Amino acid sequence: MTSNDEPDKKPRSSTAKMNAREQEENTRRRRVSSSDEKLLSSSSSSSWWSQKSSAGVSGQSSPKNSVTSGPLPVTASRSSARSTAFAIAYGRLGFPLATVHGVVDGQRLRWLVPPELVDYDAYLPVLADGLREQPMPYGTCATFGLWELLAWDIPGDRVLSALPQTVFPIRRALDVGPRDWPTTVRALKSLQKLSSAGRKGLVGPAMVSYYRQLLSPINRYQHTGAGVIATDGLDVNVTYNLSNLCHDTLCVLERTGGACAYSSIKSVVPTYQSCITVVGCTATGSLDRIKVGYKALQ
């Protein structure tokens, strides 16, 4: 009995091993096939969602700025590496202004946050960086927003606080030059408004220390842009002679920069002649009797 049972154990054990291997193989195949199906379904759903989002039917709520104009698309000619801080920030939650389509009641933009509550340290440099944008879609909003904030701060303390961060974006706009003269015109006009900001007269003298950074492009354009006639891109009916605009800007900087302004301008722009003339004084030169006049800007 014992001898007859032993031969039967070997085929049974080998059969059990084969069945176990087949079960493991089938289990592994089912797992692989299920993972492939999940991967395929996730990829198809993601592609469907991207197509749906690009078609503008994602169903998500639009940003707050979409009341007048939501985040505007970047044009094909602009690469993402060249996007300004304004283009990146525009339309995001908390951004204080938006563009008005057309002119409504004489306003080109709408403040979503009252200007007196706007953080100048955060947004004045962003608006200044938007000067390099084309008028459409961002440049107009950035330029008028910058000018309105400069005019809104009557004492000038908030503009003075944001001045160190605002100078460099304006310098970058000045450097655009022949590539886009309207951008340079907007930068020169903004430089005049920045120097004249505030009734306390604090911003103009504080800008003297930045003349070397700001006036180098102006020194170039006074010669290379002698025959250039350009608009600011905001109003095509108004044109500017670039050389005269540079001279006017230097005059504004001298008038608002205080006692050291002329010597600082002269060190960067050697051909500059002062716009301030003394038309009368006493024999002793007493300051309370001196009358100061300004030459007519050509």
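## A kink in helix α5

In this predicted model, helix α5 bends by about 65° at L163. The proline P164 follows shortly after the kink.

Does the end-to-end length come out short or as expected? What should the 18 residues of α5 (residues 157-174) span at 1.5 Å a residue? The expected figure is 26 Å. The end C-alpha atoms lie 25 Å apart, which agrees.

## Packing around α5

Several α5 residues are buried, including V159, A162, L163, T166 and V167. Further along the helix, P169, I170, R171, A173 and L174 are buried too. L163, the site of the kink, is thus listed among the buried residues.

The buried residues of α5 have several packing partners. These are α3 (120-129), α4 (135-152), α6 (181-195), α7 (203-206) and α8 (211-224).

## A salt-bridge network at D175

D175 pairs with R171 in a salt bridge, with the closest N and O atoms 3.0 Å apart. D175 also forms a salt bridge with R220, at 3.7 Å between the closest N and O atoms. That second pair joins distant parts of the chain: D175 sits in the loop between α5 and α6, R220 in helix α8, 45 residues apart. Together, R171, D175 and R220 make up a network of salt bridges.

How exposed are the members? R171 is buried. D175 has 29% relative accessibility, so D175 counts as partly exposed. R220 is at 40% and therefore also counts as partly exposed.

## Another salt bridge

The whole structure holds 5 salt bridges. One of them joins the side chains of D129 and R132, at 2.9 Å from N to O. Both D129 and R132 are buried.

Definitions and conventions:
Residues are numbered from 1 along each chain as its sequence is written. This is a predicted model: local features need pLDDT of at least 70, side-chain atom pairs count only at pLDDT 80 or more; totals for chains, interfaces and linings use all residues. Side-chain values use heavy atoms; hydrogens and water are left out. Helices (H or I, at least four residues) and strands (E, at least two) are DSSP runs, numbered from the N terminus. The expected span of a helix is 1.5 Å times one less than its number of residues. The bend at a residue is the angle between axes fitted to the seven residues ending there and the seven starting there. Buried means under 20% relative accessible area, exposed over 50%, partly exposed in between (1.4 Å probe, protein chains only). Contact means heavy atoms within 4.5 Å. A salt bridge is a side-chain nitrogen of Lys or Arg within 4 Å of a carboxyl oxygen of Asp or Glu.
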